Amino acid sequence: CGVYQIQGDEDYNCPSCGSGEVVIHDTERTGWFFWFCLPGCMPDSDPYGPFDSEDEALEQAREDAGIDE
């Protein structure tokens, strides 16, 4: 599925597929991130972020994609 950076050392499942085979890396990067991809495809960009809130990340993603609301 993918590699997710999750803070802490607890057991986690993949947020996309629920698999228990998640690769965990310690990270200082916390917050909301987004990346671009086509449905059913792996992302074709590096993650953008971190943002302080989901709303900020969503607003930036929509602006970058040229979606006006």
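Let me begin with a definition: rings of Phe, Tyr and Trp, the last taken by its six-membered ring, pair if their centres lie within 6.5 Å, and planes under 30 degrees apart count as stacked, over 60 as edge-to-face and the rest as tilted. With that in hand, I can say that Phe34, Phe36, Tyr48 and Phe51 form one aromatic cluster in this chain, and much of what I will show you is arranged around that cluster.

Before going further, a word on the model. It is a predicted one, in which local features need pLDDT of at least 70 and side-chain atom pairs count only at pLDDT 80 or more, while totals for chains, interfaces and linings use all residues. Residues are numbered from 1 along each chain as its sequence is written, and side-chain values use heavy atoms, with hydrogens and water left out.

As for confidence, pLDDT is the predictor's own figure for each residue, from 0 to 100; its mean over the chain is 75, and 59% of the residues reach 70 or more. Among the elements, strand S1, residues 32-34, has the lowest mean pLDDT, at 88, and H1 has the highest, at 91.

Now the overall layout. Helices (H or I, at least four residues) and strands (E, at least two) are DSSP runs, numbered from the N terminus, and on that basis the chain has one helix and two strands, following the pattern β-β-α along the sequence. Buried means under 20% relative accessible area, exposed over 50%, and partly exposed in between, with a 1.4 Å probe and protein chains only; buried residues make up 12% of the 69 residues here. The accessible surface, from the Shrake-Rupley method with a 1.4 Å probe, comes to about 5,700 Å², and 46% of that belongs to carbon and sulfur atoms. If contact means heavy atoms within 4.5 Å, then residues 24 or more positions apart account for 11% of the contacts with a separation of 6 or more.

Let me return to the cluster, starting from phenylalanine 34, which is in strand S1. Is this residue buried or exposed? Phenylalanine 34 is buried, because its relative accessible area is 12%. Leaving aside residues up to four places away in sequence, it touches Asp46, Pro47, Tyr48, Phe51, Ala57, Gln60, Ala61 and Asp64.

A search of the whole structure finds four aromatic pairs. In one of them, the rings of phenylalanine 34 and phenylalanine 36 have centres 5.5 Å apart and planes at 85°, so the pair is edge-to-face. Phenylalanine 36 is itself partly exposed, with a relative accessible area of 28%. Its ring also pairs with that of tyrosine 48, the centres being 5.7 Å apart and the planes at 75°, so this pair too is edge-to-face. That second pair links distant parts of the chain, since phenylalanine 36 is in the loop between S1 and S2 and tyrosine 48 is in strand S2, 12 residues apart. Tyrosine 48 counts as partly exposed, at 36% relative accessibility.

Staying with strand S2, residues 48-51, we find proline 50 there, and the peptide bond leading from glycine 49 to proline 50 is cis, with omega near 10°. Glycine 31, in the segment before S1, touches Pro50 and Phe51, again not counting residues up to four places away in sequence. Glycine 31 and glycine 49 are 18 residues apart in sequence, and their C-alpha atoms are 7.4 Å apart in space. At a relative accessible area of 46%, glycine 31 is partly exposed.

Next, the helix. The expected span of a helix is 1.5 Å times one less than its number of residues, so the 12 residues of H1, residues 54-65, should span 16 Å, and the end C-alpha atoms are 16 Å apart, which agrees. Just after H1, glycine 66 takes a positive phi of about 80°.

Finally, the cysteines. How many disulfides does a search of the whole structure find? With a disulfide taken as a pair of cysteine sulfur atoms within 2.5 Å, the search finds zero. Cysteine 37 is in no disulfide, and the nearest cysteine sulfur, that of cysteine 41, is 7.4 Å away, which is too far for a bond. Cysteine 37 is partly exposed, with a relative accessible area of 38%, and cysteine 41 counts as partly exposed at 44%.
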